Every structure is written in C-alpha cells, then in structure tokens.
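Me: I am new to this one. Show me the structure, then let me ask how each label is earned.

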Amino acid sequence: MRRWPVLLAALLFLLSGCAPQARELDGMALVRVLGVDGGEEVTLTAVCGGPDQGDVSRGAASAADFQSARQALPWVGEEELALTNISYIIVGAEADLSEALGLILSDHEMSPSATVWLTQDAGALLDACEDPAARLAVLEEQGVEAPTVVMVLAALKTDWQVELPVLSLADGQLEPAGQAVWEEKV
C-alpha cells in the first residue's frame, strides 16, 4: 500500500518533463502597432517587438485594398508577422477608416480592443519612431484617451462621426497633437 504514492509521484515526475511548454513560435514576431494609410492603394505598416519582446522589427505591405495588403503583411519581414497582439492602430488621413476598422473587427486574428489614433501619414510616423508601442503606452498612462476599434465603429454607425486623438512627431517621439473629428463619408 505504501508503494502506490511513491510510484504515483515518480510517474507524475517523469510525465511532467514530457508535457508541452507554452512558448512563442520561433521565427514569429508579434505586431503591437499597425499603421493604415489609404489613397490609391492601401499600405499597412507593422511594428513588432519592444521592451518585453526584444528588438523592434518592422514590415509594410501595399495593395489595391485593405484585405490584399493584410494578406501580404505577415510575409514581408525577416520573420513572420503575427497580427494577433495588436494594441494600437494608427490611421492616416487618407485611409478609409470605416472599411479598415470593419475588416479588423471581422478578422478573427486581430483585436477589436486595439485603440485607434489618427495622424497625417501613419507609415512615415511609425518609421520615424523607435518604439511606438512603448510611447503610446506612456501617453495612455498620462491620460491621453483613445477609443477602441469597436467604439469607433459604433460612433461612426450611430453619429456618422467620431473624435480621435491626433499624433505628431517631435524629436523622434510620438506626441499628442489634440483631437480631430473624423466624419463618415456618405
């Protein structure tokens, strides 16, 4: 009778070494900030990494529409860009905000709780800032509020407009530049 607990403990000890361990996949970078620019073609700019994930890496993909650029984006960097961890979306002035956020909301990999920010040219702003996710986190800690994807879409569908925080660049850092009202084009 006394042997059963010892044998059970030994068996559990041996099996615990064989259990799978949770870890990030090798060769995959988690996108923390996504820039969306529009115009004649859609350009998505992704920024990965930072203090808790190692070196900052980037990638950008352009295509005729948002969906095509989104499909190309994971494969444009040195490692696969995973769109499952986006915390911040920075939208350029020429982008189709409603379409982009609607597609983000319907994409099972992207987060509808990511906050939305506005700037003139998202790609240029992200390229000029070393770690935009860390800076945006600081701005939020300082009280700058940005609505989520869901909140922006709800405001656009009910009020046809939404107020978004505007970002600019000063000395290589993202800085708040007030608020702007984005009106839905009817």
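Me: What makes a stretch count as one of the six helices or eight strands of the chain?
Reply: Both are DSSP runs, numbered from the N terminus: helices are H or I over at least four residues, strands E over at least two. The chain follows the order α-β-β-β-α-β-β-α-β-α-α-α-β-β. This is a predicted model; local features need pLDDT of at least 70, side-chain atom pairs count only at pLDDT 80 or more, and totals for chains, interfaces and linings use all residues. Residues are numbered from 1 along each chain as its sequence is written, and side-chain values use heavy atoms, without hydrogens and water.

Me: Why are strands β7 and β8 called paired?
Reply: Pairing takes at least two bridges found by DSSP between two strands. β7 (residues 161–170) and β8 (residues 173–183) have nine, in the antiparallel sense. So they count as paired. Q161 stands opposite E183 in β8. The two strands form a hairpin with two residues between them. D171 in that turn has a positive phi of about 55°.

Me: Which residues of helix α6 are called buried?
Reply: V149, V152, L153, A155 and L156. Buried means under 20% relative accessible area, exposed over 50%, and partly exposed in between (1.4 Å probe, protein chains only).

Me: How do you know that the buried residues of α6 line one face?
Reply: Seen down the axis, they fall within an arc of 160°, so they line one face. The arc is taken from the directions from the helix axis to the C-beta atoms. The face turned away carries exposed K157, T158 and D159.
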